[in-house]
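Here is a friendly walk through one protein structure, with an eye on its inner space and its packing. Have the model open as you read.

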Amino acid sequence: MSALRAAAVEAAPRRLAVLGTGVVGSAFVARYARLRAAGVALPALSWLANSRHCSRVDRADAAGEALAAACASGARGDGALHWLAHDDLGAGDVVVDATASDAVAARHGLWLRRGVDVVTANKLGQGAALARADEIRAAQAVAGARYGDGATVGAGLPLLSSLRALVAGGDRIHAVEGILSGSLAWLFNGYDGSRPFSERLRLAREQGYTEPDPRVDLSGEDVRRKLLILARAAGWALEADAVSVASLLPRALAQAAVARDGDWRELDAPLADRLAEARAAGGSLQVVGRLDHDGASVALRVLPAGHALAGGRGTDNRVAIWSDRYSAQPLVIQGPGAGAEVTAAALLDDVLALHRA
């Protein structure tokens, strides 16, 4: 920690700004309030903002009121983008980015340079252009600020920390292969042909497993971003367009301005055919991201029964890492990879780690 940052942190208590009040942001605020009420030491929640509204929180017990105001139907006020242009965050403060906003992710490096710690579930920081990821890494060294990104891949599973620990210990990563989308894992783990795929997708949307627009999941874009984050954690300077992605979406559905409920039925016949192929081969269907020295790809694949990634359940992410240390048999990390509660918990874990450092 730089002397300037250390002096600033000692001079003033940390303040917390939470951006995003969707399912993850709301779950974060609720969990934060429970832990504060239980006496857990956390930075004071000072701002809560979404695209429509920004609330200044003046009391320790007012988080719920601020969340209600931000989420109120028709709420209008100084929203997050206005707040971004005028924020007075300084060294030692913490931003929690629970959005999927490119505009918010673009400011991660700026905050870090000011000594502001950033905790994020937003994949558009480390999972977008390589130049932005490089900026984030470089900015952390300027003022000693820290970047908590455990929630960006695997909803807090120890994927990034494991990769970084292996690299820091001198291990060389040869390949990373994984089921990286909890949404897609849930869709295909339970897809047995007894119901059309579009019906399974409807259930996933109702339970909050997919992105607000499921095309982000089905296009492979979400997995592509996560694969980029993993690649960069492994020390590979992968450009954003270096990942080959085989989308599940028909062209018309991918290009539509808005996807209507009936449009999802276009997926039923093609995926029923792929399921039949998988069963004939004695395997199962999963969307898999793979990264090795030959390149990076995202595609729907048939996994043989004994494959390292086969055997997951529900929203499980399952990731295999091959390295010098794990050459004959990969290191496999598995656990729930979707859901507001686990993602919010991962965000709060990173906040707690920063606060206790």
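Let us begin in a loop: Ala 155 sits between strand 6 (147-148) and helix 8 (159-168). Please keep in mind that this is a predicted model. From that loop we move on to a buried aspartate, the nonpolar cores, and then the empty spaces.

**Two residues worth a look**

- The phi angle of Ala 155 is near 50°, which is a positive value in a residue other than glycine.
- Is Ala 155 buried or exposed? With a relative accessible area of 11%, Ala 155 is buried, because the cut-off for that word is under 20%.
- Asp 117 belongs to strand 5 (residues 117-120).
- A relative accessible area of 0% makes Asp 117 a buried residue.
- What does the side chain of Asp 117 reach? Its partner is the backbone nitrogen of Arg 146, at 2.8 Å.

**The nonpolar cores**

- The largest nonpolar core holds 47 residues, and Leu 187, Phe 188 and Leu 218 touch the most other members.
- Helix 12 (residues 221-233) gives the most to this core, supplying 7 residues.
- A second core, separate from that one, has 24 residues, among them Ala 27, Tyr 32, Leu 48 and Leu 347.
- Leaving aside residues up to four places away in sequence, Phe 188 touches Phe 197, Leu 248, Leu 271, Leu 285, Gln 286, Val 287 and Leu 300.

**The enclosed cavity**

- How many cavities of 30 Å³ or more are there? The count comes to 1.
- The volume of the largest cavity is about 30 Å³.
- Around the largest cavity you will find Leu 184, Asp 217, Leu 218, Gly 220, Ala 246, Leu 248, Val 287, Val 298, Ala 299 and Leu 300.
- Two or more of these lining residues come from each of helix 11 (215-218) and strand 10 (295-304).
- Strand 10 makes the largest contribution to the lining of the largest cavity, with 3 residues.
- By class, the lining of the largest cavity has 8 nonpolar residues, 1 polar and 1 charged.
- Some names here also turn up in the core: Leu 218 lines the largest cavity and is listed with the core residues that touch the most other members.
- Leu 248, Val 287 and Leu 300 line the largest cavity, and each is touched by Phe 188.

**The largest pocket**

- The largest pocket contains about 1,000 Å³ of space.
- Its lining has 44 residues, and Val 23, Val 24, Ala 98, Glu 211 and Pro 212 are the closest to its centre.
- Which elements give two or more residues to the lining of the largest pocket? They are helix 2 (23-37), helix 4 (80-86), helix 9 (182-189), helix 11, helix 12 and helix 15 (340-356).
- The lining of the largest pocket divides into 17 nonpolar, 19 polar and 8 charged residues.

**The second largest pocket**

- The second largest pocket has about 290 Å³ as its volume.
- Of its 17 lining residues, those nearest its centre are Gly 148, Asp 149, Gly 150, Ser 161 and Asp 350.
- At least two lining residues of the second largest pocket come from each of strand 6, helix 8 and helix 15.
- Helix 15 provides the largest share of the lining of the second largest pocket, 5 residues.
- Sorted by class, the lining of the second largest pocket comprises 8 nonpolar, 4 polar and 5 charged residues.
- Strand 6 and helix 8, which supply residues to the second largest pocket, are also the elements on either side of the loop that holds Ala 155.

Definitions and conventions:
Residues numbered from 1 in each chain as written. Predicted model: local features only at pLDDT ≥ 70, side-chain atom pairs only at ≥ 80, totals over all residues. Heavy atoms only, no water. Helix = DSSP H or I, 4+ residues; strand = E, 2+ residues; numbered from the N terminus. Buried < 20%, exposed > 50% of the residue type's maximum accessible area, 1.4 Å probe, protein only. 1 Å grid on protein atoms, 1.4 Å probe; cavity = no way out; pocket = protein on both sides within 12 Å on 5 of 7 lines; lining within 4 Å. Points joined across faces, edges and corners; volume = space filled by probe spheres on them. Nonpolar A, V, L, I, M, F, W, Y, C, P; charged D, E, K, R; others polar. Core = buried A, V, L, I, M, F, W, Y, C linked by side-chain atoms within 4.5 Å. Contact = heavy atoms within 4.5 Å. Polar contact = N/O pair within 3.5 Å; in protein donor to acceptor, adjacent residues only side chain to side chain.
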